[in-house]
Number of protein chains: 2
Amino acid sequence: MRATDLLTVGETSARSGLPASALRYYESQGLLETTRTTGNQRRYPRHVLRRLAFIRAAQNVGLSLDEIRATLARLPDGRTPTREDWALLSESWRTRLDEQIAALLKLRDGLESCIGCGCLSLERCAVSNPGDITAQRGPGANYLPRALRGSPPRGA
Amino acid sequence: MRATDLLTVGETSARSGLPASALRYYESQGLLETTRTTGNQRRYPRHVLRRLAFIRAAQNVGLSLDEIRATLARLPDGRTPTREDWALLSESWRTRLDEQIAALLKLRDGLESCIGCGCLSLERCAVSNPGDITAQRGPGANYLPRALRGSPPRGA
DNA sequence: GTCATAGTTAAAGTTAACTTCAAGTCAAGG
DNA sequence: CCTTGACTTGAAGTTAACTTTAACTATGAC
């Protein structure tokens, strides 16, 4: 491999830990750009690894690929986040994580107060019906990850 | 409606807040049992509401319907959980919630330490690669809800 | 030049938890 | 008896984030 500073799919996959199919998928979703060899094979610039790290971090915080694409697209030049971009973005992520944690704590505390009482009630029990989480539902944006929402993930 | 102590689908839906289609789906998945009228319409015993509350609570804690079915099936007679059952189950749920909370806290703290440093690295960054969450993956049981796992939800 | 290894594509499959649809049946008030 | 609203079924559709498959092509070491 002539060290041209460009990575093949296989190399990128190995270094990022992501399967090649995921890399191709990300590209198809507009999250990644690549150059091609004359033979139509992908070649990734080295900074794609940083971009992939960013994507993974965002996923861990609970963002969907759609949201991640939108976030990346808002950066000038479609560049991979710099230190300053990162500082800004991570601030909003912290908020998001705080909300998720708060929701789980509420759920756990509701559970504590239910233990032994067997109160499970559709209207009143904090565990079967955590009002403040459920209230997040609706047509608008929903920033809680699926697993933390008031209702289960629904197909449609 | 002759108050026969049995509820129609519509009534059960209204009282539980769940769409009738969800009730039928739960039944098809073995989570619910119903009796039928001579005309083949479903009639739910009143305690189905409690069972539905239980299902919803379990979902909020992060259990899949499969796990919930298994849990309910382990109760003698396939009965809806009593106060004692509930106390036992909620204890294991608490553990689960504690784990989820711990995972999120770890992620948030990793984020804190990253702010401003722009360190996003595939190998070292706690946010892009939270080792202890990722370590939970693998062939065995995985008790973290999807949104909190080291890798994104995968189709296959 | 040969050949194994690595890469390419489009299309279909996967999973959970439901929803939607089409086409037809039941219940009950008037 | 009739009509309307509620109910029935099975099959297909939905979403996200990928994976798998099939059939084919490029790369590069020897």
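User: I'm looking at strand 3 of chain A. Which residue there stands opposite A:Leu7?

Analyst: Start with the general idea: strands of a sheet pair through backbone hydrogen bonds, either parallel or antiparallel. In this predicted model, the residue facing A:Leu7 is A:Tyr44 in strand 3 of chain A. Strand 1 and strand 3 (residues 42–45) of chain A run antiparallel, with two bridges joining them.

User: Okay, and in what order do the strands of chain A's sheet lie?

Analyst: Read the order across the sheet rather than along the chain. Here it's 1-3-2, in an open sheet of three strands with antiparallel pairing. Strand 1 (6–7) and strand 2 (35–36) of chain A are the edges, as each pairs on one side only.

User: Now chain B. Which strands pair with strand 3 there?

Analyst: Take them one at a time. Strand 1 (residues 6–7) of chain B pairs with strand 3 (residues 42–45) of chain B in the antiparallel sense, over two bridges. In that pairing, B:Leu7 has B:Tyr44 as its bridge partner. Strand 2 (residues 35–36) of chain B also pairs with strand 3 of chain B, again antiparallel and over two bridges. There you'll find B:Thr35 opposite B:Arg43.

User: What links strands 2 and 3 of chain B, and which residue there has a positive phi?

Analyst: These two strands make a hairpin, with five residues between them. The one to look at is B:Asn40, which takes a positive phi near 75°.

User: Let's zoom out. How many helices and strands does chain A have, and what pattern do they follow?

Analyst: Chain A has six helices and three strands. Along the sequence, the pattern reads β-α-α-β-β-α-α-α-α. As for burial, 32% of the 156 residues in chain A are buried.

User: How should I read the nonpolar core, and which elements build it here?

Analyst: In soluble globular proteins, nonpolar side chains tend to be buried together. Here the largest nonpolar core has 47 residues, and among those with the most contacts inside it are A:Ala58, A:Val61, B:Ala58 and B:Val61. Two or more residues each come from helix 3 (48–61), helix 4 (65–73) and helix 5 (83–114) of chain A, along with helix 3 (48–61), helix 4 (65–73) and helix 5 (83–114) of chain B. Helix 3 of chain A gives the largest share, nine residues.

User: Beyond its neighbours within four places in sequence, what is A:Ala58 in contact with?

Analyst: Look for A:Leu63, A:Ile68 and A:Thr71; A:Ala58 is in contact with each of them.

Terms used: Residues are numbered from 1 along each chain as its sequence is written. Chains are lettered from A and ligands numbered from 1 in the order in which they are written. This is a predicted model: local features need pLDDT of at least 70, side-chain atom pairs count only at pLDDT 80 or more; totals for chains, interfaces and linings use all residues. A nonpolar core is a set of buried Ala, Val, Leu, Ile, Met, Phe, Trp, Tyr and Cys residues joined through C-beta atoms within 7 Å. A residue is buried if 20 or more other C-beta atoms lie within 10 Å of its own, exposed if 12 or fewer, and partly exposed in between; C-beta atoms are placed from the backbone. Helices (H or I, at least four residues) and strands (E, at least two) are DSSP runs, numbered from the N terminus. Two residues are in contact if their C-beta atoms, placed from the backbone, lie within 7 Å. Two strands pair if DSSP finds at least two bridges between them.
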